[in-house]
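Biologist: Hello! I am new to this structure, so could you walk me through it with a few questions and answers?

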Amino acid sequence: MSVHNDAINIESSVLSILSQTYKNYEFLILDDCSTDGTKEKLIQLEKKDKRIKLFFNSTNLGLTKSLNILLNHSTTEFIARQDSDDLSLTDRLEKQIKFVKKFNLDGCSTLSYIKNSNQIINKKSSFFKPEYFLKYKNPFIHGTYFLKKNIYDKLNNYDERFYYAQDYKFITELFKRNINFKILKEPLYVLNLTNNISTKYYEEQKQFADLVKENFNK
Amino acid sequence: MINFKSSTQKIIRSLNLLFFKKELPSKISLYFHETSQVEIDNIENLILFFKFNGYKFVKISEYAKKIYSTDKHIALTFDDAFESWNDVLPLLQHHNIKATFFINSISLTTEVKTNYLKNINHTESTKILSKKVFKKIIKDGHEIGGHTHSHPKLNKINYQEFKQQISKNVDILKNEGVDLKSFAIPFGMRRFITSKQLEYLDLKFESICFGEPGLLFSNKNSYINRTPWVVGESFDFNLKNISTDTRFFNFITRRSGLG
């Protein structure tokens, strides 16, 4: 997880991971040079749980580079993502691990609730082949990515030329290489759609997303 | 009769999902009975989920007082008397949540409990709430509500017996230092209580809880319609259940959170 100035949501997000029914993990959090008290909150949380490992950026690097820093620090077989303004339900990791092992996959994502509603996002697109949707948008939720570490190594982590839409770029690369990635069709995540990167920097993100699309459709 | 009821509820739910906005209602009250590990996991999910969505967890008396406000409130309630609640208490304490327990006072006496267990459809091996756990509930600051002495079908007993059921419930809990302000009807449904009995309860308690999803047609301020947590169903199923039932009830009674 990488976080920048999100003091309001950071605590519930971190606690949702600490309350997971699957307990055997390490939780790498990188503070991307926050100035609103997020850093102090993280230091408090680190004292509560030994599984939290904190890292700090001295300048604001953005999500893509920050995630790559964390990937370089991680040593486990599987890597799960979590966004600082979202929430994981307590059985998320357990179900994802079981799903990946059962069908011998390289990775999976899940469906998600939208914050403040009981609607489920990406439910309709999950009935079709993701390759079809990838031409137009990313049908997977970045915060629910759950992948083998060696896949990140194979793809050389996230493409740092993409300041935004790095998840879209990553997943298209993944499908070009025929990697076994599926959606676990159960809502195990709560997505915050107000005030996140995708709504705040919609235009910038769209430009990057268009680039990915062009690349993929070639 | 049961088939008719459940199919009616199914129709109401699907109509609800079709025609109403898919927002979560602002007032939610839930009830549980015995709590196995599955329920406890679900309760933790529920706490995280609703806290994240900006809900405040309240006791039933506070819930009843602010039933017309637009604040987001959710009340967790537990019915009857089960020892397994002991496993819920640390969770509630960890998240600093106050819940409400509607207790059958027979659990605090030395009376034979065979008939009581028959009343609540549980086997003889079920562990009934012990004094120790009861004290812990009070110590943790949760609210205690009435639920009759031994959970009979109230419409099947005469008025004298009914009054006894209530007064025993009140007196035994008073001896433990608890003043009952709210009451939950055994079996939850309006048809299990006569109008005369309901009038008596109206005078005695500040709020009365039913557990009749979407089918209670009365907008009396003190009546609270709770949604059952369906045991054995997924979190998602129950979440849908909560929003459709609550919304439909609020629509009928013109309460807030029509959504």
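Modeller: Happy to; we will take the two-chain contact, then some strands and helices, then a loop residue, and please keep in mind that this is a predicted model.

Biologist: Let's begin where the chains meet. How many residues of chain B are in contact with chain A?

Modeller: On the chain A side, 15 residues take part. Their partners in chain B number 16.

Biologist: And which elements of chain A each supply at least two residues of the side that touches chain B?

Modeller: That side of chain A divides into two charged, four nonpolar and nine polar residues. The elements that each give at least two of its residues are α1 (10–18) and β9 (181–191).

Biologist: Let's stay with β9(A). How many of its residues are buried?

Modeller: A residue counts as buried if 20 or more other C-beta atoms lie within 10 Å of its own. The strand β9(A) has 11 residues and is mostly covered. The number of them that are buried is eight.

Biologist: Which strand of chain A runs parallel to β9(A)?

Modeller: Strand β5 (residues 87–88) of chain A is joined to β9(A) by two bridges, but this pair runs antiparallel; here Leu87(A) stands opposite Val190(A). Another pairing has seven bridges and runs parallel, with Ser109(A) and Ile183(A) as bridge partners. The parallel strand is β6 (residues 107–114) of chain A.

Biologist: Now for the helices. Are α7(A) and α9(A) roughly parallel or roughly antiparallel?

Modeller: Helix α7 (residues 166–176) and helix α9 (residues 202–217) of chain A have axes 9 Å apart and pack at an angle of about 10 degrees. Angles under 35 degrees count as roughly parallel. Therefore α7(A) and α9(A) are roughly parallel.

Biologist: Which residues of α9(A) make that contact?

Modeller: The contact as a whole divides into four nonpolar, two polar and one charged residue. From α7(A) come Tyr168(A), Lys169(A) and Thr172(A). From α9(A) come Ala209(A), Val212(A), Asn215(A) and Phe216(A).

Biologist: Over to chain B. How many helices and strands does chain B have, and what share of its residues is buried?

Modeller: Chain B has nine helices and nine strands. Among its 259 residues, the buried share is 43%.

Biologist: Last one: is Met189(B) buried or partly exposed?

Modeller: Met189(B) sits in the loop between β6 (182–184) and α8 (195–204) of chain B. Its C-alpha atom is 6.1 Å from that of Phe210(B), 21 residues away along the chain. Because Met189(B) has 17 other C-beta atoms within 10 Å, it is partly exposed.

Technical notes
Residues are numbered from 1 along each chain as its sequence is written. Chains are lettered from A and ligands numbered from 1 in the order in which they are written. This is a predicted model: local features need pLDDT of at least 70, side-chain atom pairs count only at pLDDT 80 or more; totals for chains, interfaces and linings use all residues. Two residues are in contact if their C-beta atoms, placed from the backbone, lie within 7 Å. Helices (H or I, at least four residues) and strands (E, at least two) are DSSP runs, numbered from the N terminus. Ala, Val, Leu, Ile, Met, Phe, Trp, Tyr, Cys and Pro count as nonpolar, Asp, Glu, Lys and Arg as charged, and the others, Gly among them, as polar. A residue is buried if 20 or more other C-beta atoms lie within 10 Å of its own, exposed if 12 or fewer, and partly exposed in between; C-beta atoms are placed from the backbone. Two strands pair if DSSP finds at least two bridges between them. Axes are lines fitted to C-alpha atoms, for helices over the stretch in contact, and angles run from 0 to 180 degrees between N-to-C directions. Angles under 35 degrees count as roughly parallel, over 145 as roughly antiparallel, 65 to 115 as roughly perpendicular and the rest as oblique.
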